[in-house]
Structure formats: C-alpha cells, structure tokens
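This report introduces a protein structure to a reader who has not met it before. Please keep the sequence and the three-dimensional view at hand while reading.

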Amino acid sequence: MVMGAAAFGGFGLLLPVVPLAISENGGSDALAGASTAIFMATTVATQLLVPRLLRRFGHRLVLAAGCALLGLPAIVFAVSVAAGPALAISAVRGVGFGMLTVAGAALVAELAPAAQLGRATGAQGIAIAFSQMVTLPVGLAVFSVAPTLVYVLGALVPMMGLIGIAFLPRIRPVPQSRGSHAGIRTSRAQFVIPCLAIAAASASFGGLTTLLPIAESERASLIGIALSVVSGAMLVGRYGAGWIADRIGIGRSLAPALVGVAVGVAVFAFAVSGSTPGAVFLIAAVVFGVGYGATQNDSLVMVFNAAGPERYSQASAAWNIGFDAGTGAGAMALGLIVGTAGYTAGFGMAATVAAIMAVAVAISARRATDRLAA
C-alpha cells in the first residue's frame, strides 16, 4: 500500500499538470490530450511484457524499476514542455507506469486469500485513491505558483515507493502447469467484458483529468477540489465493490457502477456548458468517483477469478491494458472531439460510451445466469 500510494501519487501530481502546461505553452487541446495518450500507449506496450519480467526477476525488482522510470524523467519537464520533449518524457514515464500497474495488482492477488480478494484489491485501491485525492489538487495548486517545484515533486514522490518495496516479500508468479492452458481457453471470454468495462470508464477519466482543467481554467482551484473529490469517492466505490464481491458475488456491482460513471460524466458535460455553480461540479465528482472506483474493483476481481492463481500476472496485464488504453484513448479522442464540437459534446460522448457499456454488462450477466440455470 505504501508503494502504491507513492507510485500513484507521482502519477497523480502530473496527470492534469502536463496537459495544462502544454496548453499554456501554446499547444492545442489535441496535443494536450496526446501527452496523456502517448503516456498510456507506452504503458500498454510495457504491460504486455510485464508477466514475463515478473517470472524472471520477481515483483520487487520490477516495481523498483517502475518507480525509477516513472519518477526521475519528470524533472526534465522543468526544462521544456514543448511538444517534442513533453511527448518523449511522457513516453518514458509510461514504461515505468506499465511496470508498476501490472506488478502491483498481481502482487495483491498473489498475497491475498481467495475469500478476501475483493477486499484486498479494495484496500490497494484505497491507498491509490487516497494518494491521488491529495496529489491531483496539490499538483495543480503548486503548478500555479511554482511550476518547477511540481516537476521536482513528480520526480521524488514515486522514488519514495522504494521504501515500501524494500519490505515486500520475495515472490514470483506461480509456475504454470502443463494443463493450465485448457482452462484458460474455456474462460478467456470472461476477460472481455470486465476489460471493456474498465476501458470505457477509464476513457471518461482520461478525458476529464486532461481536459477539465483546461475547460475551466479560470476556476482552477474548484477543478482541483473536484478531482480530489473524485479520488475520495473512489475510496468508497472500490472498497464497497470489494465487500460486495466477497460477501454477495463477483460482478454484481459492475453494471450499476458504469451507470454511475455515465451519470457523473453527463453532469460534468452540463456543468461546463455555462456559468454553473461549483456545487454541480462536486456532485458530478462524487457520482463519477463512486462509479469509477466500483468499476475498477469489480472488473479487476472478475479477471482474477476467471484466470486463477496460475495466471494472475497475465490477468493483471489484461485488465491494466484495458484500464490504461482506455485512459489514453479517452484523452486523445475527447481532445479531438472538443477541438471541433466543444467540451459539452466531448464529455457527453464519454457518458454515452459508459452507458452503452453498462447495458452490455447487464445483458452479459443475464445470459450467464440463464446458462447456469439451464
């Protein structure tokens, strides 16, 4: 939890800052979105390799390398946020983030008893969301008065994760038995729905964190608070979904959670359409945050449950690819839509995608229930 808080704290500090800095430096909304998109693109490319790295080097070395690659290059932002350097730095930092996301989630699944997996992933989510609840507004606040300092903090905070890593047990993924692949062939379809669900929800998150500070640049403090509220509400959503998964059943929270994501983004779309009271932004943040947190936890437990212990690292990679690909694609796609149709249309499109995914999840759950009954 210490390692996760530090790593995602460094991620949260600069997530809204880098696109805003690019915009203030004269870059377009599409270029601002591209900084998040390329970060997530290299994250996804790295995540494909992490299961192999975990088998060879173990969790501790992979996590330590991830902290260094995510953190240390951030200091270069203090030199330039022009298009070329900013995109190159974002690409390198994405490699580190890819290592951290897959290895961190897989380690929780390796350590937690099966009956407590939902609450264990929820506890990890609490550490991550609490860290982001602090660092998202702090990053914007520090940037407004001392841009260089926020980049220094963005470099140092992930390195604090090495303290937690030093106390982690030495562990490698469970070796695969010769017969394990047959089980995966029958359960592979179960990965699709939760991975698509987290991709749809993360697309909204990527678009909001990248473009909302730009859309409401004159109310930067309010947006910083709203993003903090999103992270705080995610605490409730993640652990609540974990409790439901352990006590009632895995997958029960996913469709309602996606409805919350859709409603929250729709309220944001309304809020940026005019001189809207600040309370509306905070209401949207609560609804979106609870839905997004619950979507994260329930979809992650679903892929772990489908994979089984021998494939935890692969399941973590699949889920994190959906998560981060959605975040990057959302930032890029919404940046392009906003550039031609405006912020309300862009956020409205994200809400529509989440709502469609909620319907797909509900239909899939009904069909699964019918098959079991038959």
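The sections below go from the whole chain to its helices, aromatic rings and selected residues.

## Overall form

The structure is a predicted model. Its protein chain has 16 helices and 0 strands. The radius of gyration is 19 Å, close to the 21 Å that the globule rule gives for 374 residues, so the chain is as compact as a globular protein of that length. Along the principal axes, the C-alpha atoms fill a box of roughly 55 × 45 × 30 Å.

Of the 374 residues, 56% count as buried. Among contacts with a separation of 6 or more, 87% are made by residues 24 or more positions apart.

## Surface and charge

The accessible surface of the protein chain comes to about 14,600 Å², and carbon and sulfur atoms hold 69% of this area. The chain carries 19 positive and 10 negative charges, and the mean positions of these two groups are 15 Å apart.

## Helix α7 and two of its residues

Threonine 121 lies in helix α7, which covers residues 117-145. Its relative accessible area is 0%, so this threonine is buried. Leaving out residues up to four places away in sequence, threonine 121 touches Val108, Arg238, Asn297, Leu300, Val301 and Phe304.

Glutamine 124 is also placed in helix α7. With 14% relative accessibility, glutamine 124 counts as buried because the limit for that class is under 20%. Apart from its neighbours within four places in sequence, glutamine 124 is in contact with Gly104, Ala105, Val108 and Arg238. Val108 and Arg238 thus appear in the contacts of threonine 121 and in those of glutamine 124.

## Helix α8 and its cover

Helix α8 is formed by residues 147-159, and its buried residues are Val150, Tyr151, Gly154, Ala155, Val157 and Pro158. Which helices help to cover these buried residues? They include α1 (2-14), α2 (17-24), α5 (59-71), α7 and α9 (161-166).

## Aromatic pairs

The whole structure holds 13 aromatic pairs. In one of them, the rings of phenylalanine 8 and phenylalanine 11 have their centres 6.2 Å apart and their planes at 80°, so the pair is edge-to-face. These two residues are 3 residues apart in helix α1, and this spacing separates them by about one helical turn. An α-helix has 3.6 residues a turn, so residues three or four places apart point the same way. Both phenylalanine 8 and phenylalanine 11 are buried.

Another pair has a tilted geometry, because the rings of phenylalanine 77 and tyrosine 151 have their planes at 40°, with centres 5.7 Å apart. This pair links distant parts of the chain: phenylalanine 77 is in the loop between α5 and α6 (83-111), while tyrosine 151 is in helix α8, 74 residues apart. Phenylalanine 77 and tyrosine 151 are both buried. Elsewhere, ring pairs join Phe205, Phe288, Tyr292, Trp319 and Phe323 into a cluster.

## Proline 16 in a loop

Proline 16 belongs to the loop between α1 and α2. Is this residue buried or exposed? Its relative accessibility is 0%, so proline 16 counts as buried. Residues up to four places away in sequence aside, proline 16 touches Leu136, Leu140, Thr209, Pro213 and Leu227. Leucine 208 is 192 residues apart from proline 16 along the chain, and their C-alpha atoms are separated by 9.1 Å.

## Helix α11

Isoleucine 198 has its place in helix α11, residues 189-215. This isoleucine is buried, with a relative accessible area of 0%. Not counting residues up to four places away in sequence, isoleucine 198 touches Tyr292, Thr295, Gln296, Ser299, Trp319, Gly322 and Phe323. Among these, Tyr292, Trp319 and Phe323 belong to the aromatic cluster. Isoleucine 198 and arginine 247 are 49 residues apart in sequence, and 22 Å lie between their C-alpha atoms.

Glycine 207 is likewise found in helix α11, and its relative accessible area of 0% makes it a buried residue. With its neighbours within four places in sequence left aside, glycine 207 is in contact with Leu212, Gly330, Ala331, Leu334 and Phe347. From glycine 207 to alanine 120 the C-alpha distance is 28 Å, with their positions 87 residues apart in sequence.

Terms used
Residues are numbered from 1 along each chain as its sequence is written. This is a predicted model: local features need pLDDT of at least 70, side-chain atom pairs count only at pLDDT 80 or more; totals for chains, interfaces and linings use all residues. Side-chain values use heavy atoms; hydrogens and water are left out. Helices (H or I, at least four residues) and strands (E, at least two) are DSSP runs, numbered from the N terminus. The radius of gyration is taken over C-alpha atoms; the globule rule is 2.2 Å times the number of residues to the power 0.38. Buried means under 20% relative accessible area, exposed over 50%, partly exposed in between (1.4 Å probe, protein chains only). Contact means heavy atoms within 4.5 Å. Accessible areas come from the Shrake-Rupley method with a 1.4 Å probe; for residues, only the protein chains shown count as cover. Lys and Arg count as positive and Asp and Glu as negative; His and the chain ends are not counted. The place of a charge is taken as NZ of Lys, CZ of Arg, CG of Asp or CD of Glu. Rings of Phe, Tyr and Trp (its six-membered ring) pair if their centres lie within 6.5 Å; planes under 30 degrees apart count as stacked, over 60 as edge-to-face and the rest as tilted.
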